[in-house]
Amino acid sequence: EVIDRPVPIDMRAIKALKQSPMALDIYTWLTYRASYLKRPTVIPWASLALQFGSNYAQLRQFKAAFLDELKKVVLVYGKVQVEATELGLIVKPSSTHIPMTRGKP
């Protein structure tokens, strides 16, 4: 998968987000997910919690923590198009954080 569908990440973003494991996870996940989408997609909060948050007793606690970390990600990855709703996170097709070259990041 990594070879067939590469997604370049910006090491400056990794440095900026290194204090938060969740923000790093969100950044790398969004970079991949948004760059290969063909249309806007809603990812339900419960699905995001299964993927990103195992230490939260309630979904609303996870959602609040996720949104706090998402703000940091959006600051460093300004091209990403996301929108939080009551149902989940809408992820829209977006450019990768740094341009991909043909066949190689």
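An axis here is a line fitted to C-alpha atoms, for helices over the stretch in contact, and angles run from 0 to 180 degrees between N-to-C directions. Keep that in mind as you click through this predicted model.

**Stop 1: helices α3 and α4**

Select residues 45-52 for α3. Then add residues 59-76 for α4. How do the axes of α3 and α4 cross? They come within 10 Å and cross at roughly 75°. Angles of 65 to 115 degrees count as roughly perpendicular. So α3 is roughly perpendicular to α4.

Now show the side chains where these helices meet. On α3, pick W45, A46, L48, A49 and F52. On α4, pick L59, F62, K63, F66 and L67. Colour the contact of α3 with α4 by class: there are 9 nonpolar residues, no polar ones and 1 charged.

**Stop 2: helices α2 and α4**

Keep α4 on screen. Hide α3 and select residues 21-36, which form α2. The axes of α2 and α4 come within 9 Å, crossing at roughly 70°. Therefore α2 is also described as roughly perpendicular to α4. The crossing of α2 past α4 is right-handed.

Which residues of α2 and α4 make the contact? From α2 come M22, A23, I26, Y27 and L30. From α4 come F62, A65, F66, E69, L70 and V73. By class, this contact of α2 with α4 has 10 nonpolar residues, no polar residues and 1 charged residue.

Look again at F62 and F66 of α4. Both are listed in the contact with α2, and both are listed in the contact with α3.

**Stop 3: the sheet**

Switch to a cartoon view. Select the strands β1 (41-44) and β2 (81-84). Add β3, residues 88-92. What is the order of the strands in this open sheet? It is β1-β3-β2, with antiparallel pairing. The edge strands are β1 and β2, and each pairs on one side only. Neighbouring strands are turned against each other by 25° on average, direction ignored.

Zoom in on β1 and β3. They run antiparallel, and 4 bridges join them. To find one partnership, click T41: its bridge partner in β3 is V91.

**Stop 4: helices across the sheet**

Leave the sheet visible and bring back α2. This helix lies across β1, β2 and β3, and runs at about 55° to β3. Finally, show α3 again. Helix α3 also lies across β1, β2 and β3, running at about 65° to β1.

Methods. Residues are numbered from 1 along each chain as its sequence is written. This is a predicted model: local features need pLDDT of at least 70, side-chain atom pairs count only at pLDDT 80 or more; totals for chains, interfaces and linings use all residues. Side-chain values use heavy atoms; hydrogens and water are left out. Two strands pair if DSSP finds at least two bridges between them. Helices (H or I, at least four residues) and strands (E, at least two) are DSSP runs, numbered from the N terminus. Contact means heavy atoms within 4.5 Å. Angles under 35 degrees count as roughly parallel, over 145 as roughly antiparallel, 65 to 115 as roughly perpendicular and the rest as oblique. A crossing is left-handed if the near helix is turned anticlockwise from the far one by less than a right angle, and right-handed if clockwise. Ala, Val, Leu, Ile, Met, Phe, Trp, Tyr, Cys and Pro count as nonpolar, Asp, Glu, Lys and Arg as charged, and the others, Gly among them, as polar.
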